[in-house]
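User: I would like to go through this structure with you, one question at a time. Please explain each term as it arises.

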Amino acid sequence: MEREDSSVVFRNRHSTVNKEGKRNWVYALQPKGKLYQYRTWLSYVYIVAFFGMPFLKIDGNPLFQFNLLEGEFIFFGSLFTPQDFVMFGVGMIIFILFIIIFTLIYGRVFCGWVCPQTIFMEMVFRKIEYWLEGDANKQRLANQKKWTTELYLRKTIKHILFLALSFAISNTFLSYVIGVDQLFTIMREPVSQHLGGFIALVFFTGAFYVVYAFMREIVCTVVCPYGRLQGVLLDKNSIVVAYNNVRGEPRNKKKTTDGAGDCIDCGMCVQVCPTNIDIRNGTQLECINCTACIDACNMMMEKVGRPKDLIMYASENAIAAGEKFKWTYRIKGYSFVLGVLMVLLGVLVVTRTTFDATILRVPGQVMQENADGTISNLYRIKVTNKSNKDLPYRLVSTHPGVTIERIGQTLDTLRGRQLAEETFFLKVPANAVKKRKEKYEIVLMSGEKNMAEKSAVFIADL
Ligand code: SF4
Ligand code: SF4
């Protein structure tokens with residue numbers, strides 16, 4: 001790969017495009033160091049969780065499911081339907097605020113440590129490549145020469161493994177959408193019965209394969225909208241992977257100590273970088289905060305007997321002031337807001353009811369005076385059982401003397417994930433009616449459990 005004076009050209013061109021406008025294939029050296037080790041351990045947890053979670057169930061519901069097609073979502077075993085749109089709205093606002101505040105404080109740490117793209121790319125696919133084709137330098141040399149039969153064979157095995165893994169990832173993603181049971185049904189039954197599911201599988205397998213085999217860092221530097229937003233989300237107080245230019249400059253290739261900086265200009269931080277940038281040029285849109293350059297530079301600093309953390313997690317302002325990372329009031333304040341948002345969402349989820357209903361007076365109906373001394377209004381209730389199970393159901397009035405008389409086809413059981421309707425009279429003793437319009441609470445019970453409370457507007461012709 002062609003190297004240029006990165007301090008001059010980095011602003012004028014994309015890090016993975018060369019002067020001729022062609023792709024500069026990145027041969028990133030495998031980092032060695034504490035942070036890479038932590039990322040490796042985290043990736044084990046992540047990969048086990050990613051492939052294992054679709055099989056975990058609570059009360060027959062998957063732990064998580066995101067059925068965008070039918071607008072149904074399951075979080076920690078609780079089903080959320082389109083009726084929960086208020087919670088969704090609030091949840092989305094909280095989520096967006098969370099992303100903004102989190103990025104403002106902690107920069108792009110999500111990209112380097114949690115994003116599935118980085119985890120699978122750096123911890124799975126690239127490791128397979130190192131295993132089959134050797135380290136970065138060996139790969140570069142082999143690709144520049146005429147390919148040998150052995151190299152063809154190794155590359156073929158690599159691409160077969162990439163395709164197989166992409167197929168596994170795509171199946172797992174699909175199981176987060178339609179559930180693992182439905183996925184197994186699709187696998188067992190003829191393709192013709194599940195053409196949509198089959199096409200989705202083929203499409204996503206192909207997409208993941210292209211992403212991990214060819215697009216790679218371009219997903220982070222060009223495609224990902226979160227990556228594109230960094231320019232507006234970060235400021236000089238955001239914590240990012242940063243080069244301590246105060247300590248490092250002027251660069252000192254001869255490794256002497258005569259007034260020069262600590263950077264020995266070895267270029268290791270660039271060679272390990274999966275997006276091919278030179279972090280010494282400052283914070284850049286392409287930096288995914290993977291911390292590979294921190295490990296690489298720490299290794300070099302150890303070798304030349306200088307203090308570590310020439311590249312580290314720090315804000316630009318902290319580096320300019322010569323400070324190490326510290327919990328400033330700003331970080332504490334924003335973290336507090338983040339905590340409050342999380343609690344708010346938690347409260348919304350915990351206080352959410354299993355039954356949801358709307359009660360409306362039947363249009364065109366006027367009040368009725370009954371022989372038993374009551375006045376009645378006629379209502380239609382639409383009720384959804386948001387759980388996965390069939391549950392007993394009845395309506396109860398909480399007001400003394402006010403009764404409910406269900407008519408027509410009445411409901412005793414609500415089927416899981418189903419919307420049902422019935423009609424009923426609300427009967428109020430005539431002598432208790434004081435206003436023309438009044439609200440009466442109606443409790444939706446399942447056995448002895450209060451599942452939800454709704455009000456019915458009662459109109460009397462006084
Ligand atoms: S500059 Fe460092 S942290 Fe940023 S992507 Fe490159 S190696 Fe990772
Ligand atoms: S790895 Fe450290 S010492 Fe080497 S060029 Fe990068 S910043 Fe300088």
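User: How many residues of domain 1 are in contact with residues of domain 2?

Analyst: This is a predicted model, in which local features need pLDDT of at least 70, side-chain atom pairs count only at pLDDT 80 or more, and totals for chains, interfaces and linings use all residues. Residues are numbered from 1 along each chain as its sequence is written, while chains are lettered from A and ligands numbered from 1 in the order in which they are written. Contact requires C-beta atoms, placed from the backbone, within 7 Å. On that basis, 7 residues of domain 2 are met by a number of residues of domain 1 equal to 6.

User: What distance separates the centres of the two domains?

Analyst: An automatic or database domain assignment sets the bounds: domain 1 covers 1-352 and domain 2 covers 355-459. Taken over C-alpha atoms, their centres are separated by 53 Å.

User: Which helix gives the most to the shell around ligand 2?

Analyst: Helices are DSSP runs (H or I, at least four residues), numbered from the N terminus. Both α14 (268-271) and α15 (292-303) supply at least two residues of this shell. The most, 3 residues, come from α15.

User: How many charged residues does the shell around ligand 1 have?

Analyst: Asp, Glu, Lys and Arg count as charged; Ala, Val, Leu, Ile, Met, Phe, Trp, Tyr, Cys and Pro as nonpolar; and the others, Gly among them, as polar. Around ligand 1 there are 14 residues, with Cys 273 and Ile 279 among the closest. This shell has 11 nonpolar residues, 3 polar ones and, as for charged residues, none.

How values were computed:
A residue is near a molecule or strand if its C-beta atom, placed from the backbone, lies within 6 Å of it. Two residues are in contact if their C-beta atoms, placed from the backbone, lie within 7 Å.
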